[in-house]
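Colleague: Could you take a close look at the cysteines in this model? I would like to know how they sit and what surrounds them.

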Amino acid sequence: MMVMQPVLEIFAADDFALWPVGEHESFGYLVLNGKLTPAEVGTAVMRIADCNDFEPEEEHGPCPTDPLGIFLHGLLTMPDLFAAGGFRVTDAATGTVFVEPGCCNGLETWRDWLDVLDGTGRAHFGHDPSSAAERLGDTVRLTHDVYRADGSKVTELPADQVRRLVADARHDLEDFLGLAGAWAEQHLPAHAAPVTAALARALDLASSP
């Protein structure tokens with residue numbers, strides 16, 4: 001059985017102290033859904049905020065001076081947000097990964113899967129590996145790494161199955177966002193509403209279906 005999951009690339013955060021986070025190794029993935037523990041939600045929010053820890057332009061207002069305000073400033077003011085990761089596709093029976101988000105791919109681009117189904121018919125999901133999906137009639141071909149010289153893991157799925165997988169993965173994202181909103185009310189009460197809204201934008205859940 002194939003499963004598609006929204007995954008967030010995470011780093012170890014041994015010195016992070018603004019709110020409770022879980023223990024994770026660097027360059028791993030955290031699956032986002034509605035079943036995460038509070039510490040795992042804290043890890044996800046930390047990572048998404050860190051992905052957007054850039055100096056905003058002057059029109060976005062002066063940067064706060066407190067540590068929490070400084071850390072959240074990019075997330076709350078940048079117009080285009082990034083969440084390292086994407087939708088991973090795995091054969092649950094064997095553990096074989098057919099689509100793995102690569103470097104520079106973000107969860108905010110998950111609608112590229114809809115483009116595969118209803119638009120251009122193809123999408124790439126970062127590099128190292130360079131996973132790709134291509135629609136071929138009523139099927140979708142998934143390639144783990146299109147640039148691998150000695151061949152790559154490839155599978156083909158019915159387009160209707162891929163559509164269901166994308167809907168399930170989106171539902172997982174929405175469940176995570178609901179969990180993160182409740183988490184923010186508890187751990188970031190003064191920033192709960194804007195943080196939740198920013199997370200929705202970072203996961204491209206704020207726009208119309």
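**The cysteines and their setting**

Modeller: C104 is exposed, at 62% relative accessible area. Keep in mind that this is a predicted model. C104 is placed in the loop between β4 (97–99) and α3 (112–118). Its backbone stands out too: C104 is not a glycine, yet its phi is positive, about 75 degrees.

Now the sulfurs. The structure contains zero disulfides. Take C103 to begin with. C103 is in no disulfide, and its nearest cysteine sulfur, in C104, is 3.5 Å away. The cut-off for a disulfide is within 2.5 Å, so the pair does not count as one. C103 is partly exposed, because its relative accessibility is 41%.

C51 is another case. The closest cysteine sulfur to that of C51 is again in C104, but 11 Å away, which is too far for a bond. C51 counts as buried because its relative accessibility is 7%.

C51 falls within the range of α1 (38–51), and α1 helps cover the buried residues of α2. Helix α5 (192–202) is also part of that cover. In α2 itself, residues 67–77, the buried set is G69, F71, L72, H73, G74, L75 and T77.

Follow the chain past α5 and you reach D204, in the segment after that helix. D204 shows a positive phi as well, near 50 degrees, and is not a glycine. D204 counts as buried because its relative accessibility is 17%.

Back to the loop that holds C104. The helix at its far end is α3 (112–118). W113 is a good place to look next. W113 touches M4, F87, V89, V99, F125, A133, L142, V162 and V166, leaving aside residues up to four places away in sequence.

W113 also belongs to the largest nonpolar core, which has 57 residues. Within this core, W19, L32, F87, W113 and L142 touch the most other members. Helix α4 (residues 159–187) gives the core its largest share, eleven residues.

One more backbone feature deserves a check. The peptide bond between D128 and P129 is cis, with omega about 5 degrees. P129 sits in the loop between β5 (122–124) and β6 (132–136).

To return to your request: C51 is buried, C103 is partly exposed, and C104 is exposed. Zero disulfides are present.

How values were computed: Residues are numbered from 1 along each chain as its sequence is written. This is a predicted model: local features need pLDDT of at least 70, side-chain atom pairs count only at pLDDT 80 or more; totals for chains, interfaces and linings use all residues. Side-chain values use heavy atoms; hydrogens and water are left out. Buried means under 20% relative accessible area, exposed over 50%, partly exposed in between (1.4 Å probe, protein chains only). Helices (H or I, at least four residues) and strands (E, at least two) are DSSP runs, numbered from the N terminus. Contact means heavy atoms within 4.5 Å. A nonpolar core is a set of buried Ala, Val, Leu, Ile, Met, Phe, Trp, Tyr and Cys residues joined through side-chain atoms within 4.5 Å.
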